[in-house]
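Please look over the sequence and the model below before reading on. The text then goes through the fold step by step.

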Amino acid sequence: MESKIHLCSVEPTDIETLFVWENDREFWDSSNTILPVSRHSLEILVICNMESTLAQEKQARFMIKLGDTKQPKQLVSVGIVDIFDYQTLHKRISCGIFIAPEFQGKGYGKTALQLLAQHGKKHLGLHQLYCEVLASNTKSLALFKKIGFVECGRKKDWIWHDEGFCDVLCLQKLL
C-alpha cells in the first residue's frame with residue numbers, strides 16, 4: 001500500500017523527535033524560541049496536549065507522519081503542525097508548520113496543510129486559516145502560497161533576526 005501523510009496526536013513516543021527538533025537553533029527564529037527545551041518540559045506539554053481540548057486551550061499540536069496507519073509502529077515523523085489562537089466566534093485559527101530538513105521538498109508540508117484545512121472546515125467549522133512568516137523564509141512563503149494562502153499584511157521590523165530586524169508577512173486562506 002502506498003504511504004500517505006497523516007496528522008496524528010502527539011504521543012509520548014514522539015518526545016525524543018520533538019526534543020531534537022525543538023532544540024535545533026537553526027529554526028528558532030521561525031518559532032520565537034530563545035531557550036533550549038528540556039525533555040521534562042516536553043513530557044508535560046505532551047501529557048497536557050493529550051488531555052486537553054482545542055476549545056479549552058485554543059491550541060493544539062499534531063505530528064505529521066508518513067506511512068500506513070494499519071502499521072502505526074512503522075509511521076515516520078516528518079514534521080509538526082501547530083494550531084493556535086482558535087477564535088470560535090470568528091471561525092479562524094492560526095497555524096504553523098515545521099518539516100524536518102531531510103523531508104523537505106517532497107510535498108509533505110503541502111499535504112499536511114491541505115489536511116489541516118479540510119479538517120478545520122469540516123470538523124471545526126472554520127472560515128479561515130492564517131499564519132505569520134518571516135519575509136526571509138522563502139520556502140515557507142512558497143508552501144503557504146502554493147495551497148492558496150494570500151498575503152494580507154506586513155509587520156515591519158517585527159522580529160530580531162541575524163543581528164537586525166526582519167519583516168513578518170501575514171497570510172490567510174479562506175476555506
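What follows describes a predicted model, starting with the sheet and ending with two residues of unusual backbone geometry.

The strands are a convenient place to begin. Seven of them make up an open sheet of mixed pairing, and their order across the sheet is E1-E2-E3-E4-E5-E7-E6. Strand E1, residues 4-9, and strand E6 are the edge strands; each has a single partner strand, so one side of each has no neighbour in the sheet. Averaged over the sheet and ignoring direction, neighbouring strands are turned by 30° against each other.

In general, strands of a sheet pair through backbone hydrogen bonds, in either parallel or antiparallel fashion. In this model, strand E5 (residues 128-134) and strand E7 (residues 164-174) run antiparallel and are joined by seven bridges. Cys-131 can serve as a marker here: the residue opposite Cys-131 is Leu-171 in E7.

Next come the helices that lie across strands. Helix H1, residues 15-22, crosses strand E2 (60-67), E3 and strand E4 (92-99), and runs at about 75° to E3. Helix H5, residues 108-124, lies across E1, E2, E3, E4, E5 and E7, and its angle to E1 is about 55°.

Finally, which residue in strand E3 (residues 76-87) has a positive phi of about 55°? Asp-85 has this value although it is not a glycine, and Asp-85 is part of strand E3. Partly exposed means between 20% and 50% relative accessible area, so Asp-85, at 35% relative accessibility, counts as partly exposed. Asp-157, also not a glycine, has a positive phi near 45°. Asp-157 lies in strand E6, which covers residues 150-161.

Terms used: Residues are numbered from 1 along each chain as its sequence is written. This is a predicted model: local features need pLDDT of at least 70, side-chain atom pairs count only at pLDDT 80 or more; totals for chains, interfaces and linings use all residues. Side-chain values use heavy atoms; hydrogens and water are left out. Helices (H or I, at least four residues) and strands (E, at least two) are DSSP runs, numbered from the N terminus. Buried means under 20% relative accessible area, exposed over 50%, partly exposed in between (1.4 Å probe, protein chains only). Two strands pair if DSSP finds at least two bridges between them. Axes are lines fitted to C-alpha atoms, for helices over the stretch in contact, and angles run from 0 to 180 degrees between N-to-C directions. Contact means heavy atoms within 4.5 Å.
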